[in-house]
Amino acid sequence: MNEQSPYINGRGAQINVHNRFFEHSQEMLDDFLNYCSIEGDHPNSNKTSFLEVFPKTIVNKVESPDVGMGYSMNVYQGCEHGCVYCYARNSHEYWGYSAGLDFERKILVKKNAPLLLEEKLKSKNWQAHTIVMSGNTDCYQPAERQFEITRKCLEIFYKYRHPVGIITKNALVLRDLDLLADLAKDNLVGVNISITSLNEKTRLLLEPRTATIAKRLQTVRTLSQNGIPVNVMLAPIIPGINSHEILPLAKAASDAGALSIAYTVVRLNGAIGQIFTDWIRKAMPDRADKVLHQIAACHGGQLNDSRFVDRMRGEGELAQMIRSQVLLARKKFFVGKEFPTLNHSLYSQYKGGQLNLFG
């Protein structure tokens, strides 16, 4: 660590960057500071706060053509996992918070998500499309242990026999093994486990409040042994940090029972560029410049790339080397394996909340 700069243990971001939406108004910031005062929590403390919010809808249509999902839902906003590279950090600005420390210390909780989901699935106009939980923030982050919103939503998905995808890096998903196994019997669920490194030291720096690598690999193994299809996300690949681990990561995932792998090249969009730059200069000062330059080399000389498709895979020699390693890994470790397409045919029979014998 850089001893000249204080490092906040247990957090990814080390600063609260400016919220661009505060340029014209301080009202939301004042509300935040007043809330902290009422709760007895200094705004710069390292304590996590949970704030209930009341959205009117929970299922979102995904317009981006390169994300790989049509619909998503997020029962939490902000994520205590604290992954320093997380693309979702910028979304916290829309709620009046910083994409930095606020993102992992101020968690917005949508307790009405199960009700909103059931209303959506009961809608006459809704046709079955796979809905992915965690399109933005992890549905099994630490808050889920307390609030159990994700489990209640899975109960709704099973009630209506509706296909659901899950993205997580938390072993807490195994708590719901019973529901996942029931969904899997009808090919209604697929789980995506994110694993970015086999090195615990790297994991602790990049993703300070996530499950250990050993627990994540065991999670892949347990899910697979119970008939639940698993895809492992090697995401993001960060040149100079974990880019050398692609083949061993893929082998470990396959050995644990994963049916496939996917990857993205890191991109530091919006405020994340400043957050990541500050973090790496404190956490890895000896290689900071090299890593930042290599990331930029994958995105036309910039830390961020907003071009669809290119933003996920990158461009240039380094990005091509990463892509080639992933293709090689698939040929070496995933021959004969295939992640299934989920079942969309049962939903219409259960749309009324129970099997329609006369439909």
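**Close-ups of a predicted model: the sheet and its helices**

**View 1. Strands S7 and S8, side by side.** Strand S7 (residues 164-168) and S8 run parallel, joined by 5 bridges. One of the pairs to look for is valine 164 with valine 189, its bridge partner in S8. Keep in mind that this is a predicted model. Getting from strand to strand involves helix H6 (residues 177-185): S7, H6 and S8 make a β-α-β unit, and a right-handed one.

**View 2. Strand S8, wrapped up on both faces.** How many of the 6 residues of strand S8 (residues 189-194) are buried? The count is 6 of 6, so S8 is largely enclosed by the rest of the structure. Val189, Val191 and Ile193 point one way from the strand, while Gly190, Asn192 and Ser194 point the other way, and all of them are buried. Next to S8 sits its other partner in this view, strand S9 (residues 230-237), paired in the parallel sense over 4 bridges. Asparagine meets asparagine here: the bridge partner of asparagine 192 is asparagine 231 in S9.

**View 3. The open sheet, strand by strand.** Pull back a little and 7 strands come into the picture, forming an open sheet in the order S2-S3-S6-S7-S8-S9-S10, with mixed pairing. Which strands sit at the edges? They are strand S2 (59-61) and strand S10 (260-265), each of which pairs on one side only. From one strand to the next, the twist averages 25°.

**View 4. S9 and S10, with two helices packed on the sheet.** S9 and S10 pair in the parallel sense, this time over 5 bridges. Across this pairing, valine 232 stands opposite isoleucine 261 in S10. Helix H8 (residues 213-225) packs on the sheet and touches S8 and S9; the direction of H8 makes about 165° with that of S8. Helix H9 (residues 246-255) also packs on the sheet, touching S9 and S10, and its direction makes about 165° with that of S9.

**View 5. Helix H10, mostly tucked away.** H10 (residues 272-283) has 12 residues, which at 1.5 Å a residue should span 16 Å; the end C-alpha atoms are 16 Å apart, so the expectation and the model agree. Why call this helix largely enclosed by the rest of the structure? Because 9 of its 12 residues are buried. The buried set runs through Ile272, Gly273, Ile275, Phe276, Asp278, Trp279, Ile280, Lys282 and Ala283, so look for Asp278 and Lys282 as well as Trp279 when you scan the helix. The cover over these buried residues includes helix H7 (200-206) and helix H11 (288-297).

**View 6. H10 against H11.** These two helices pack at an angle of about 150°, with their axes 9 Å apart. Angles over 145 degrees count as roughly antiparallel, and H10 and H11 are therefore roughly antiparallel to each other. On the H10 side, Phe276, Thr277, Ile280 and Arg281 make the contact; on the H11 side, Ala288, Asp289, Val291, Leu292 and Ile295 do. Phe276 and Ile280 are also among the buried residues of H10.

**View 7. The whole protein, for orientation.** Zoomed out, the secondary structure comes to 14 helices and 10 strands. Of the 359 residues, 56% count as buried. Among contacts between residues at least 6 apart in sequence, 80% join residues at least 24 apart.

How values were computed
Residues are numbered from 1 along each chain as its sequence is written. This is a predicted model: local features need pLDDT of at least 70, side-chain atom pairs count only at pLDDT 80 or more; totals for chains, interfaces and linings use all residues. Side-chain values use heavy atoms; hydrogens and water are left out. The expected span of a helix is 1.5 Å times one less than its number of residues. Buried means under 20% relative accessible area, exposed over 50%, partly exposed in between (1.4 Å probe, protein chains only). Contact means heavy atoms within 4.5 Å. Two strands pair if DSSP finds at least two bridges between them. A crossover is right-handed if, with the strands pointing away from the viewer, the path from the first strand over the helix to the second runs clockwise. Axes are lines fitted to C-alpha atoms, for helices over the stretch in contact, and angles run from 0 to 180 degrees between N-to-C directions. Angles under 35 degrees count as roughly parallel, over 145 as roughly antiparallel, 65 to 115 as roughly perpendicular and the rest as oblique.
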